[in-house]
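Take a walk through this model, one helix at a time. Keep the sequence at hand.

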Amino acid sequence: MTAPAKTSRANADSWSARFAAGLVSLPRRGLLALITIYQRTLSPVLPAVFGPACGCRFYPTCSRYAAKAVTAHGALRGAWLAAVRLLKCTPLHPGGLDPVPPPSSRKVASRRPACVRVVA
């Protein structure tokens, strides 16, 4: 009789873990959806409206950079990287190859050491 209770508890735990993971990834998925909508609707129209000089001076394009940054770094840091990239998009900047930086392991390095109680 106890075996079914354990499996139902395991199923409940896995369901709640999946639900929590889905909530955590919601901002990232929302930003990626907005970027995709921009890429499919507004981005193709811009050169027709503003002329052929209205192309991106960077590789990858700013919207692809934003999508890669959000995918690699999450919603907050990815949006920050995309905003910095958009601020670089001026006639004064030469452009060129500007890849998304790889995710760093700063989280581990910035963690404070834990205090351990020594029993003598």
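**From a surface patch to a helix junction**

V49 sits in helix 3, which covers residues 46–50. The model is a predicted one. V49 has a relative accessibility of 57%, so V49 counts as exposed. The cut-off for that class is over 50%. V49 also belongs to a nonpolar patch on the surface. Its partners there are V45 and F50, and the patch comes to about 310 Å².

Now move on to helix 4, residues 62–73. Start with its length. Helix 4 has 12 residues, and at 1.5 Å a residue they should span 16 Å. The expected span is 1.5 Å times one less than the number of residues. The end C-alpha atoms of helix 4 are 16 Å apart, so the model agrees with the expected span.

Next, look at which residues of helix 4 are covered. The buried ones are C62, S63, Y65, A66, A67, A69, V70 and H73. What do these buried residues pack against? They pack against helix 2 (26–40), strand 1 (58–59) and helix 5 (75–88).

Helix 4 then gives way to G74. The phi of G74 is positive, near 95°. G74 lies in the loop that runs between helix 4 and helix 5. Leaving aside residues up to four places away in sequence, G74 touches A69 and A79. A69 is also one of the buried residues of helix 4. Finally, compare G74 with R29. They are 45 residues apart in sequence, yet their C-alpha atoms are 9.4 Å apart in space.

Methods: Residues are numbered from 1 along each chain as its sequence is written. This is a predicted model: local features need pLDDT of at least 70, side-chain atom pairs count only at pLDDT 80 or more; totals for chains, interfaces and linings use all residues. Side-chain values use heavy atoms; hydrogens and water are left out. Patches are made of residues with over 30% relative accessible area and no salt bridge: like charges are joined within 9 Å, nonpolar side chains (Val, Leu, Ile, Met, Phe, Trp, Tyr) within 5 Å. Accessible areas come from the Shrake-Rupley method with a 1.4 Å probe; for residues, only the protein chains shown count as cover. A salt bridge is a side-chain nitrogen of Lys or Arg within 4 Å of a carboxyl oxygen of Asp or Glu. Helices (H or I, at least four residues) and strands (E, at least two) are DSSP runs, numbered from the N terminus. Buried means under 20% relative accessible area, exposed over 50%, partly exposed in between (1.4 Å probe, protein chains only). Contact means heavy atoms within 4.5 Å.
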